[in-house]
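Let us take a walk through a protein chain together, going from the whole to the details. Please keep the sequence and the 3D view open as you read.

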Amino acid sequence: TGPPKLGIVEPMHAPAGTRWLQTDKLPYRDEHGNIIGILGFALDITARKEAEAALHRQHALLSAVVEGTSDAVFAKDLEGRYLIINTAGALALGHPVEEILGHTDAELVPEATARRFREADAAVIAAGQRQTQEETGLMGGQLRSWHANKAPLWDPDGRILGIIGVSRV
């Protein structure tokens, strides 16, 4: 009497180890509409589940590295929007991480500071190589100086997507 159950992900335990299946289960009915069994289909998605677990472990490791430093770690796209920033970087900018992601420096710091950041980022993109820069500006309401290492953010096809950086504030 139940509806079909589609796309159910469930483990199948076997002597050789756990396999993961994605199953569809439909009621099998006779000519009078009575359920007389279950019609099921299963797809082995073990490789996908293992890849997802590996990706999760890599993401956790990257997060631990990025958050484990007192330096600001960030990435921006070609328009200067923050793609990632760690807690130390957010503290330096004087905003919570969630208020920074997707925004540009022009929306976060005074105009003169934002202009200097944008010019420094543009120089890295134009050169297509890593640069070390000494920067100063107002951040979080305070005049600060820092040592910044910035590099192009490349896609797998060799195109520059933006910049990555580590700044010691």
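The paragraphs below begin with the chain as a whole and then visit its parts.

Before anything else, remember that this is a predicted model. The secondary structure of the chain amounts to four helices and eight strands. If you read from the start of the sequence to its end, these elements follow the pattern β-β-β-α-β-β-α-α-α-β-β-β. How far is the chain spread out, compared with a compact globule? Its radius of gyration is 25 Å, while the globule rule gives 15 Å for 169 residues; the value for the chain is well over that, so the chain is more spread out than a compact globule. You can see something related in the C-alpha trace, which spans about 80 × 35 × 30 Å along its principal axes.

A few totals help to complete this overview. Of the 169 residues, 28% count as buried. The accessible surface comes to about 10700 Å², and carbon and sulfur atoms account for 58% of it. Now take the contacts between residues at least 6 apart in sequence: 31% of them join residues at least 24 apart.

Let us now turn to the sheets. Strands of a sheet pair through backbone hydrogen bonds, and the pairing can be parallel or antiparallel. In this chain, three strands form an open sheet in the order E1-E2-E3, with antiparallel pairing. Which strands stand at the edges? They are E1 (5-14) and E3 (35-44); each has a single partner strand, so one side of each is left without a neighbour in the sheet. On average, neighbouring strands here are turned by 40 degrees against each other, direction ignored.

Follow the pairing from strand to strand. E1 is joined to E2, which covers residues 17-29, by eight bridges. One bridge pairs lysine 5 with lysine 25 in E2, and histidine 13 stands opposite threonine 18 in E2. The link from E1 to E2 is a hairpin through two residues. Between E2 and E3 there are nine bridges, and these two strands also run antiparallel. Here leucine 26 has leucine 39 in E3 as its bridge partner, and proline 27 is partnered by isoleucine 38 in E3. E2 and E3 form a hairpin too, with five residues between them; in the turn, glycine 33 has a positive phi of about 90 degrees.

Methionine 12 makes a good place to pause. This residue sits in strand E1. Is methionine 12 buried, exposed or partly exposed? Its relative accessibility is 40%, and buried means under 20% while exposed means over 50%, so methionine 12 counts as partly exposed. Leaving aside neighbours within four places in sequence, methionine 12 is in contact with Gly17, Thr18, Arg19 and Leu21. Methionine 12 and aspartate 44 are 32 residues apart in sequence, with 9.6 Å between their C-alpha atoms.

Further along the chain there is another sheet to explore. Five strands form this open sheet in the order E5-E4-E8-E7-E6, and the pairing is antiparallel. E5 and E6 (131-139) are its edge strands, each pairing on one side only. From one strand to the next, the twist averages 30 degrees. Within this sheet, E4 (residues 72-77) and E8 (residues 160-168) pair in the antiparallel sense over six bridges. One of the pairs is alanine 75 with isoleucine 164 in E8. Helix H4 packs on the sheet and touches E4, E6, E7 and E8, and its direction makes about 165 degrees with that of E6.

Finally, look for the nonpolar core. In soluble globular proteins, nonpolar side chains tend to be buried together. Which residues touch the most other members of the largest nonpolar core? Of its 16 residues, they are Tyr82, Leu93, Ile100, Val109 and Met139. Strand E5 (82-85), helix H2 (87-93), helix H4 (111-127) and strand E7 (142-154) are the elements that give two or more residues to this core. Tyrosine 82 shows such surroundings in detail: not counting residues up to four places away in sequence, its contacts include Phe74, Ala75, Leu93, Ile100 and Leu108. With tyrosine 82 in view, you can trace these contacts yourself.

Terms used:
Residues are numbered from 1 along each chain as its sequence is written. This is a predicted model: local features need pLDDT of at least 70, side-chain atom pairs count only at pLDDT 80 or more; totals for chains, interfaces and linings use all residues. Side-chain values use heavy atoms; hydrogens and water are left out. Two strands pair if DSSP finds at least two bridges between them. Axes are lines fitted to C-alpha atoms, for helices over the stretch in contact, and angles run from 0 to 180 degrees between N-to-C directions. The radius of gyration is taken over C-alpha atoms; the globule rule is 2.2 Å times the number of residues to the power 0.38. Buried means under 20% relative accessible area, exposed over 50%, partly exposed in between (1.4 Å probe, protein chains only). Contact means heavy atoms within 4.5 Å. Accessible areas come from the Shrake-Rupley method with a 1.4 Å probe; for residues, only the protein chains shown count as cover. A nonpolar core is a set of buried Ala, Val, Leu, Ile, Met, Phe, Trp, Tyr and Cys residues joined through side-chain atoms within 4.5 Å.
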